[in-house]
Amino acid sequence: TAIIVDFGGQYNQLIARRVREANVYCEIVPYDKALDRIKVIQPKGIIFTGGPASVNEEGSPDISDEIFKLGIPILAICYGAQLVAKKTGGKVEKAENREYGKTTIDYANSSLFKNISKSNICWMSHTDHIVELPKGFSISASTKNCKIASMENHDMQVYCLQFHPEVEHTVDGFTIIKNFLYEVCHLSPSFTSTSFIDDKVEQIKKLVGDKKVICALSGGVDSSVAAVLVNKAIGSNLTCIFVDHGLLRYKEAEQVEKVFRETFDINLIKIDASQKFYDALKGVTDPERKRKIIGEEFIRIFEEEARKLGNIDYLVQGTIYPDVIESGTKDASVIKSHHNVGGLPEDMKLTLIEPLRELFKDEVRRVGLELGIPEKMIFRHPFPGPGLGIRVLGEVTKEKCDILRLADHIYREELDNFGLTKKIWQAFAILPDIKTVGVMGDERTYSYAIGLRAVTSTDGMTAEFYPMPYDALQKISSRIVNEVKGINRVVYDVTSKPPATIEWE
Ligand code: XMP
C-alpha cells in the first residue's frame, strides 16, 4: 500500500489514479489525518501532493516532523516538495514569474529517473520554488528557470519534485512514479482486478457467514458490479430488489432482469411500481419536489419488500471511491452527496457492505467486465436515480415518459452507430413542456420539441458540451421526428457546466 497525503492540490486524484495504474493499492488521506492513518496501515510508500497554499503563509497545511522518522520513503510533489524543503532547513521563495506549462528538464542519475531520457519535457505549475537546498539533499533535476526542479536525500529516502509527474504532459511522469513505487519502495504490482475480486470475495464470505443480505439494484454500473461481486461471495444469501419506477430508459428493466437472472442466477425480486410513481407524481411540477417524492416512494417500496424477506442483516451499496474521498482542504473539496438508499428506517438496523468503496469508476468497470457483466451494461452512461422523472420537465405522465423513452433510445442507438458513445460522458434526451408548430405533408402539427444533451466530463462536477458531428445530428433528428409520434422538433443543447447543469432539472 501507498498513502497519498493530500495538501489540496487539483491533481490529487490523478496521482492516486497513476499509482493504481501501476497496480499498487493506495489511499488518499487529508494531511491533518495522515500520520494517524499511516501508523495504522503502515504503507511502504508516502506521496505528498501539491496544493494551492504557500508554505511561507501562516497556518498553511503542515505535517509533523515525525513523518521523516518512520523510515518510509517519501515522494513529495510541488507544495509537498516545498514543505519538505522548509521543514528540513532549505528555503522557499516566491518565484519572480509564476511558472506554468510544458518545460524542458534535465535529469541527473537517480533511482527515480531510471530508464528515462536524460532530457525531456515536464509539466510545471507553481508560484513558489525552492531556492536553497536543505542539508543532506542534492539536486537531481533542473530546468532553465528552476534550478531545483528535483532534489533528494538518499539516506532519508526523501525525493522531491517541483514538477508534476502525474500529469500526462510530463513525458516520463508515469515511469517516475513507477520507479518510486517499485525501485524505491519495493512495492510490487499486485493490485489487479483479479486480486481485488479474490480478496473481496474472501472478506465478504467471512463477514457475512450465513446471514442475509439485500441490495437495491438500479441497473447502473456501480450497484450491478457490487451485487454480482457479493453474489459471487455468498450466492443465494443475497437478494436483490429491483424497483421499476416507470422512469427507466427504453427496455432497461427487461435487460437488467435478463442479465441478472440468466447470466448470474441471482435472487432477484422485481417490482413493477410504475403506476404508483406516476400517481404520486401527478400534478407535481417542481423538480426538487419530484426528486423528493421519487426518493421517498422508492424507500417505501424497498422497505416493504425487505420486510417481507424477514431477518436481514446487511445492505449492499455501490458507493465508489470518489464518493468517499475527503479532500485535504475545504477549497478543493469534491464531496458529492450520493443518492443511494439512504433514509431506511432506523429499526431495520442494516449494516452497510460497500465492496467498491476503494475503487475509481474505471476500476469498477474493469472488475465488472472480469466478473462477466456484459460490456453494454458496463459502459453505460451515468443515469440519475430519479431517472426520466427529471428529464420530463414539468408534470410527469406515462405518455410523456413513453415519448421521451423512444426518442432517447433512438438518440443513443445512433450514438452507438456513429461510434460516439465512448467519447461522451453522458448523453440523453429531454422532454421540455413545450409544444411548437410544425408541418407534415399538408398538415399543420402542434407537438412537443425534444432536447438533446451530450457532455464530456471527468466527474460530473464540470462538463463541456460535446461538439456533435452534423451528420450524426442530422440522422438523429430525422429519425426522431419520423419515428416518435408527438415530436416535431429537435434541438441540441450547447451549454457547458457551469453555468448550466448537466440535467435540465
Ligand atoms: P447536474 O445536473 O447536477 O448532474 O449537473 C451531475 C450528475 O449527477 C447526476 N444527477 C443525479 N443523480 N440523483 C442522482 O442519482 C439526482 O437527483 C441527480 N441529479 C443529477 C446527473 O445525471 C449527472 O451525471
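**Exercise 1. Find which residues of helix α4 are buried in this predicted model, and which elements cover them.**

Solution. Begin with the helix itself: α4 runs over residues 173-184, has 12 residues, and reaches 15 Å from its first C-alpha to its last, which is close to the 16 Å expected at 1.5 Å a residue. Next, go along the helix and pick out the buried positions, which are G173, I176, I177, K178, N179, F180, L181 and V184. Then look at what lies over these buried residues, where you will find, among other elements, the helix α1 (12-21) and the strands β1 (2-6), β3 (45-48), β4 (74-77) and β9 (158-161). Finally, step past the end of the helix to H186, which follows α4 and has a positive phi, near 55 degrees.

**Exercise 2. Decide whether C78 and E166 are buried or exposed, and describe their surroundings.**

Solution. Start from the record: the "active site" annotation in UniProt, from an unreviewed entry, covers C78, H164 and E166. These residues are spread over 89 residues of sequence, yet they cluster in space, with a largest C-alpha distance of 11.3 Å.

Take C78 next, which lies in the loop between β4 and α3 (79-87). A residue is buried if 20 or more other C-beta atoms lie within 10 Å of its own, and C78 is therefore buried, because it has 25 other C-beta atoms within 10 Å. Leaving aside its neighbours within four places in sequence, C78 is in contact with G9, G50, H126, Q162 and H164, and H164 is itself covered by the annotation.

Now treat E166 in the same manner, beginning with its place in the loop between β9 and α4. E166 has 28 C-beta neighbours inside 10 Å, so it counts as buried too. Not counting residues up to four places away in sequence, E166 touches Y11, L14, I15, R18, G173 and I177; of these, G173 and I177 are among the buried residues of α4.

**Exercise 3. Identify which residues have the most contacts inside the largest nonpolar core, and which helix gives the most to it.**

Solution. First recall that in soluble globular proteins, nonpolar side chains tend to be buried together. Here the largest nonpolar core has 132 residues, and those with the most contacts inside it are I4, V5, A76, C215, V230 and A407. Helix α6 (residues 221-234) gives the most to this core, contributing nine residues. As a last step, follow A76, which, apart from its neighbours within four places in sequence, is in contact with F48, A81, L83, V84, V158, Y159 and C160.

Terms used
Residues are numbered from 1 along each chain as its sequence is written. This is a predicted model: local features need pLDDT of at least 70, side-chain atom pairs count only at pLDDT 80 or more; totals for chains, interfaces and linings use all residues. A nonpolar core is a set of buried Ala, Val, Leu, Ile, Met, Phe, Trp, Tyr and Cys residues joined through C-beta atoms within 7 Å. A residue is buried if 20 or more other C-beta atoms lie within 10 Å of its own, exposed if 12 or fewer, and partly exposed in between; C-beta atoms are placed from the backbone. Helices (H or I, at least four residues) and strands (E, at least two) are DSSP runs, numbered from the N terminus. Two residues are in contact if their C-beta atoms, placed from the backbone, lie within 7 Å. The expected span of a helix is 1.5 Å times one less than its number of residues. UniProt positions are given in the numbering used here, feature names are shortened, and annotations may be inferred rather than shown by experiment.
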